[in-house]
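Hello,

Here is the structure I promised to pass on. Please open it first; my notes follow below.

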Amino acid sequence: MKKLHIWCVAGLSLALSNSFVASAKPNATNEDQRLSAWCTQLKKQQSCYNLHQQLAEQGRPESAYWIGKASARGMFEAADLTKALGYYQVASQEMHPAASRELGLLYYHGISGERDFAKAQRLFEQAIEQGNPQAIWALARMYHYGRGVEQNYNKAFELFSLAADKGSKPAASTLAYYYKVGLATKPNPRLASYWRNKANDKKLVTWNRSIPDYR
């Protein structure tokens, strides 16, 4: 009975793989939703990982990002950031915004060798252009700390404000500090309090990244 279940899952995986690869790009969002729903039903079983890996090798950017994220977080095997970097590169080349952001973070940390701030900046900016709001916060941090760019609190303040408006808890917290001490803006206790409360709002997003916070 167990063998029959394994063969059924394998057959379903192959059928789904052919279905997803054959799908046209305009339907990518619908196919992503179908695949996500299928994986949810499997409760993150190995067959879901195997399917995504097969699709990633066939050039599907969302699956390449999924495998990169799984590899970075150690969801099915020991965490491997070098492996994650490779899959993120594949997805980023196909203009996957979240993959570009994660790839930028890995280059920032020097996962492939020495830190490459210039490449990280380009990837953050690419992700922002592709509509990824999380990358705004990442780029703001570079200007705040002067990592790979000239330290620029005015630019950082502008980016933190934009990220906070889009729902970033870390950006809201940093913005509260800017208003409290008058960094790149006039001290404003009222706005400092406002953004501090926003940072504690459960409705805001603490973005999940493959690696810890950084400076």
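Which residues does Ser-71 touch, not counting residues up to four places away in sequence? The contacts are Tyr-49, Ala-78, Ala-79, Asp-80, Lys-83 and Ala-84. Keep in mind that this is a predicted model.

Confidence

The average pLDDT of the chain is 82. Of the residues, 77% score at least 70. Residues 1-27 stay under 50 in pLDDT. For that stretch the model has 24 contacts beyond four places in sequence. The pLDDT is also below 50 over residues 204-215. There the model shows 48 contacts beyond near neighbours in sequence.

Ser-71 and helix 4

Ser-71 sits in helix 4. Its relative accessibility is 2%, so Ser-71 counts as buried; the cut-off for that is under 20%. The Ser-71 side chain also reaches the backbone oxygen of Ile-67, at 2.8 Å.

Ser-71 has buried company in helix 4: Ser-63, Ala-64, Tyr-65, Trp-66, Ile-67, Gly-68, Ala-70 and Ala-72 are among the buried residues there. The geometry of the helix checks out. Helix 4 has 13 residues, which at 1.5 Å a residue should span 18 Å. The end C-alpha atoms of helix 4 are 18 Å apart, which agrees. Just after helix 4 comes Gly-74, with a positive phi of about 65°.

Helix 6

How many of the 13 residues of helix 6 are buried? The count is 11, so helix 6 is mostly covered. The buried residues are Ala-98, Ala-99, Ser-100, Arg-101, Glu-102, Leu-103, Gly-104, Leu-105, Leu-106, Tyr-107 and Tyr-108. What covers them includes helix 4 (61-73), helix 5 (81-93), helix 7 (117-129) and helix 8.

Helix 6 runs over residues 97-109. Its 13 residues should span 18 Å at 1.5 Å a residue. The end C-alpha atoms of helix 6 are 19 Å apart, in agreement with that. Gly-110, just after helix 6, takes a positive phi of about 75°.

Salt bridges

A search of the whole structure finds two salt bridges. As background, side chains of opposite charge can pair when their charged atoms come close.

- Glu-77 and Lys-83: the side chains meet at 2.8 Å, N to O. Glu-77 is partly exposed, with a relative accessible area of 36%. Lys-83 is partly exposed too, at 24%. Lys-83 is also one of the residues that Ser-71 touches.
- Glu-102 and Arg-101: the closest N and O atoms are 2.7 Å apart. Here both Glu-102 and Arg-101 are buried. Both appear among the buried residues of helix 6.

Helix 8

Is Ala-138 buried or exposed? Ala-138 counts as buried, because its relative accessibility is 2% and the cut-off is under 20%. Ala-138 lies in helix 8, which covers residues 134-145. Ala-138 is 18 residues from Ala-120 in sequence. In space, the two are 9.4 Å apart, C-alpha to C-alpha. Helix 8 is also among the elements that cover the buried residues of helix 6.

Best regards

Technical notes: Residues numbered from 1 in each chain as written. Predicted model: local features only at pLDDT ≥ 70, side-chain atom pairs only at ≥ 80, totals over all residues. Heavy atoms only, no water. Helix = DSSP H or I, 4+ residues; strand = E, 2+ residues; numbered from the N terminus. Buried < 20%, exposed > 50% of the residue type's maximum accessible area, 1.4 Å probe, protein only. Expected span 1.5 Å × (residues − 1). Contact = heavy atoms within 4.5 Å. Polar contact = N/O pair within 3.5 Å; in protein donor to acceptor, adjacent residues only side chain to side chain. Salt bridge = Lys/Arg side-chain N within 4 Å of Asp/Glu carboxyl O. pLDDT = per-residue confidence, 0-100.
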